[in-house]
Amino acid sequence: MLRIRVRYDLRKVHAPTANLHESPKRPIYNNCHPSFETIHQARNELHPVILLQQHINRGLKRYAHMTGREAPSNLELRANIHKRMHISSTSPGSRKHAVNKRYNRYAVGRIIEPVTTPVNNAATKGRKGKISNKNAAAGTDAANGTTSNGSAGFSEVDSEAALKGSLTPAGKPTADNSLGLDIEANDVGYIATVQIGTPPRDFKLLVDLSSADLWVGGEDCHSEGGGCGNHVFLGAGSSSSFVDTKQQFQVTYGSGAVAGDIITDDINVAGLDLKAHTFGVAAVESVDFSSDQTPFDGLMGLAQSTLSQQQALTLVEALAKSGLIEDAITSYKISRLADGKNDGEITFGGLDETKFDANTLITFDNVNRDGFWEGGMTVSVNGQDLELQDRTAIFDTGSTLIIAPDADATAVHQAIPGAKSDGQGGFTIPCSTAASVALTFGGQTFAINPQDLAFVPVDPDDPTGDCLSGIASGEIGDAKEWLVGDVFLKNAYFSTDVTKNQVSLAKLV
């Protein structure tokens, strides 16, 4: 288990690189070994448990950075992947010999059978309140007064998207100052399109709530494979309004890293014309960003600008400062691929009242002092409070999973019939689970749709069997924080207010 050592300044961890121009091919991509970092790529050759561990690894790094703790080393993350390699080439999910094909070049050893341990679904011992499995089969959410009947199994639409890593375009936004959010794969990430430069060109940006920098690839971008893939790039050759400040930046994410120049150029966001905005162009990208299969051209960080490695305002802060919107408010409707609605959107300057039930809207203070978005919560399963005290949730659109402390993740799965632990931080649940896991903020309870708990089938050929759980455990000391990603955020309307330093949540309509 990793131990808490010192609290660090994020700017020091990702300090600007002074000699970037002297060494433009500086191999920062080595910090993001593809055996544990390539999230945003097609998965038809990737075993589901390896994909799960990649997401857990990314979550662990992001979680550590957010909470000011020491992040797992690359060696530890690589070891996590190698443990997952012990899967029989004839076991479920290995029908294409995915593990051997993708990882043999990293000298992985012999492959053996995995071990999964049933989680004790009896009442949790040593707690003030007992965990009852009454109503578990029906999946009753007592707090909401609704019943979830589960599903026939993992969605065929999700399964196909998970294998292909495809991008599903969003529909037209329903509010002013809004951008549609395209869906990456099976709800792995959410991508908005803005126009940058003169003449303006479309750039697809991954929306990330746990960073504060905007960047796109530069015209001189390099990566491990040479160039930076089949993406749209920005520079003086393509934009007459491009100005290089001759200052450098470098950012390391939970998956991937970039380094390059801080520049100014014009950005159009949902018809809002922001002149000479300060952001970055990457001269070096890790393979997680540079791959042809990565469906975006850059990243839009929407934490608070106190976290910016470029020492720049975030896009929403700049829009507000320029008077283009009234307040530095960003609101999100995260869409679920399986619903077929494709109605995800991000709204700048306010909330889209057509997306949520106003009677359920709650607002609470952000308790995070570093610039992330965090609030106090309680946790229940099938209407029964798990009695987890003083827990907080750090919200992150850039994380697919929910990462919880070991004991908390175990407690949640103890209350889900049929759940099993793999002994490595992951869990399996029945793909057809009807369990209702809910998080409560400010007295308002938000249930997670059971289909969101099922991350991906263990065996792609058996969508009614076991699925890997969307809630995993993270070994980050004795923290009480949870990293709450898209598994939860798909189930609520979510808004942040930089000026008031507040977070709002409401139930979707």
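Okay, so the protein chain here has eleven helices and 30 strands. Those are DSSP runs, numbered from the N terminus, with helices being H or I of at least four residues and strands E of at least two. Quick caveat before I go on: this is a predicted model, so local features need pLDDT of at least 70 and side-chain atom pairs count only at pLDDT 80 or more, while totals for chains, interfaces and linings use all residues. Residues are numbered from 1 along each chain as its sequence is written, and side-chain values use heavy atoms, with hydrogens and water left out.

Let's do the overall picture. Of the 509 residues in the protein chain, 60% are buried. Buried means under 20% relative accessible area, exposed means over 50%, and partly exposed is in between, using a 1.4 Å probe and protein chains only. The accessible surface comes to about 19300 Å², and carbon and sulfur atoms hold 48% of that; the areas are Shrake-Rupley with a 1.4 Å probe, and for residues only the protein chains shown count as cover. Then contacts, meaning heavy atoms within 4.5 Å. Take the ones between residues at least 6 apart in sequence: 72% of them join residues at least 24 apart.

On to the inside. The largest nonpolar core has 75 residues, and Phe395, Phe441, Trp482 and Phe488 have the most contacts inside it. There's also a second, separate core of twelve residues, including Ile191, Phe249, Val251 and Ile262. By core I mean a set of buried Ala, Val, Leu, Ile, Met, Phe, Trp, Tyr and Cys residues joined through side-chain atoms within 4.5 Å.

Now charges. Side chains of opposite charge can pair when their charged atoms come close. How many salt bridges does a search of the whole structure find? Twelve salt bridges turn up, each one a side-chain nitrogen of Lys or Arg within 4 Å of a carboxyl oxygen of Asp or Glu.

I'll pick out a few. Asp182 pairs with Lys204, with the closest N and O atoms 3.5 Å apart. That pair links distant parts of the chain, 22 residues apart: Asp182 sits in strand β6 (residues 182-184) and Lys204 in strand β8 (residues 201-208). Asp182 is buried at 9% relative accessible area, whereas Lys204 is partly exposed at 29%.

Next, Asp339 and Arg336 meet at 2.8 Å, N to O. Here the acid is the partly exposed partner, with Asp339 at 35%, and Arg336 is buried at 9%. Both belong to a network of salt bridges that links Asp187, Arg336, Asp339, Asp452 and Lys490.

The last pair is Asp390 with Lys480, at 3.8 Å, N to O. Asp390 lies in the loop between β18 (384-385) and β19, and Lys480 in the loop between β27 (471-474) and β28 (481-484), so this bridge ties together parts 90 residues apart in sequence. Asp390 is exposed at 62%, and Lys480 is partly exposed at 39%.

Finally, two loop residues. Gly398 is in the loop between β19 (391-395) and β20 (402-405). Buried or exposed, then, for Gly398? Buried, because its relative accessibility is 6%. Its C-alpha is 9.8 Å from that of Val484, with the two positions 86 residues apart in sequence numbering.

And Thr360, in the loop between β15 (345-348) and β16 (362-365), is buried too, at 9%. Setting aside neighbours within four places in sequence, Thr360 is in contact with Gln444, Leu505, Ala506 and Lys507.
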